Amino acid sequence: ANDNKISLPAGEYTLIARSTADDIPYAAFEEPVYGATQKFSIRAGEVTDIKEVVCTLLQCKVTVAYSDDFLANVTGECKAKVSLTAGYPLEYKITQNASTGAYLYDKSAGYFAVNGNTLTVDFEGNYNYSYAKMSKSIGPVAAKQWRQIKFIKKVDPVQAAELNQTYARHYIEYSDWFRNADADARNTQEVTTSEDYRAYDD
């Protein structure tokens, strides 16, 4: 090497840059992996400048949050289990503070290898003095995305529409209906937990 230059035989090459030499974990908290792949050609007797290589997130980032109204109805430990690759979930837990009695949720960011295109969210725990369970799918997901999932208390469709317009994030409602919205209108959709629910459009 000389002045940051290296000599290689003429031919076609692929440059692979990554923030770690290890494999991308299927799912892990606070372990983002960045990388880039760039193809280039080398010709005999010429200097090839591959210019700047920009690394981007190679995983899907997922955070889980809860509205104050939702947390006010939590009456015991809860967890949201999120998975993208079967058998490799991450658990975002709600636990009670021993000193204050308040329920706090895990604000860690999870990073998921994109081995599929559907994110599965399974919630279970003590809500309003009963055991609650819910399962939903979100997709399509891809690398470089940040999926922000938020649980909110049941509200009427008009109020829910206002919330989605205000925050433009993914909302999961523990009740008769579910909506997830994205700042990109192409990722906005509504689904439901009851067959008799009629989708509400903004």
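Me: What percentage of the 202 residues in this protein is buried?

Reply: Buried residues make up 34% of the 202 residues. To read that, take the relative accessible area: under 20% is buried, over 50% is exposed, and anything in between is partly exposed (1.4 Å probe, protein chains only). You're looking at a predicted model, where local features need pLDDT of at least 70, side-chain atom pairs count only at pLDDT 80 or more, and totals for chains, interfaces and linings use all residues. Residues are numbered from 1 along each chain as its sequence is written, and side-chain values use heavy atoms, with hydrogens and water left out.

Me: How many helices and strands are there in the protein?

Reply: Both are DSSP runs numbered from the N terminus: H or I for helices, at least four residues, and E for strands, at least two. Here you get two helices and 15 strands.

Me: Which strands make up the open sheet of three, and in what order?

Reply: Strands pair if DSSP finds at least two bridges between them. In this sheet the order is β1-β3-β4, and the pairing is antiparallel. β1 and β4 are at the edges with a single partner strand each, so one side of each has no neighbour in the sheet. Strand β1 (residues 11–18) is joined to β3 by eight bridges. Try finding a couple of them: Gly11 has Ile42 of β3 as its bridge partner, and Ala17 has Ala36 of β3. On the other side, β3 and β4 pair over two bridges, with Gly35 opposite Thr56 in β4.

Me: What is the order of the open sheet of five strands?

Reply: It goes β8-β7-β6-β10-β11, again with antiparallel pairing. The edges are β8 (103–105) and β11 (130–138); each has a single partner strand, so one side of each is left without a neighbour in the sheet. Look at strand β10 (residues 119–127), which nine bridges join to β11. One pair to spot is Gly125 with its partner Ala132 in β11.

Me: How many salt bridges does a search of the whole structure find?

Reply: Side chains of opposite charge can pair when their charged atoms come close. The cut-off is a side-chain nitrogen of Lys or Arg within 4 Å of a carboxyl oxygen of Asp or Glu. The search turns up one. In that bridge, the side chains of Glu91 and Lys79 meet at 3.2 Å, N to O. Glu91 belongs to strand β7 (residues 90–96) and Lys79 to strand β6 (residues 74–83), twelve residues apart, and the pair links distant parts of the chain. Glu91 is partly exposed because its relative accessible area is 29%; Lys79, at 25%, counts as partly exposed too.

Me: Where is Asp49 found, and why is it called exposed?

Reply: Asp49 is in the loop between β3 (34–42) and β4 (56–57). It is called exposed because its relative accessible area is 55%. A polar contact is a pair of N or O atoms within 3.5 Å; within protein, one must be able to donate a hydrogen and the other to accept it, and residues adjacent in sequence count only if both atoms are side-chain atoms. Here, a polar atom of the Asp49 side chain is 2.8 Å from the backbone nitrogen of Lys51. Also compare sequence with space: Asp49 and Lys5 are 44 residues apart along the chain, yet 9.5 Å apart from C-alpha to C-alpha.

Me: What does the side chain of Arg147 reach?

Reply: Arg147 sits in strand β12 (residues 146–152) and counts as buried because its relative accessibility is 1%. Its side chain reaches the backbone oxygen of Pro140 at 2.5 Å. Pro140 lies in the loop between β11 and β12, and the peptide bond leading to it from Gly139 is cis, with omega near 0°.

Me: How many disulfides does the structure hold?

Reply: You'd need two cysteine sulfur atoms within 2.5 Å, and the structure holds zero such pairs. As for individual cysteines, Cys60 is buried at 0% relative accessible area, while Cys55 is partly exposed at 37%.

Me: Which residue in the loop between β10 and β11 should I look at?

Reply: Pick Asn128, which is in that loop. Asn128 isn't a glycine, but it has a positive phi of about 55°. Glu30, in the loop between β2 (27–29) and β3, also has a positive phi, near 55°. Asn128 is partly exposed at 46% relative accessibility, and Glu30 is partly exposed at 48%.
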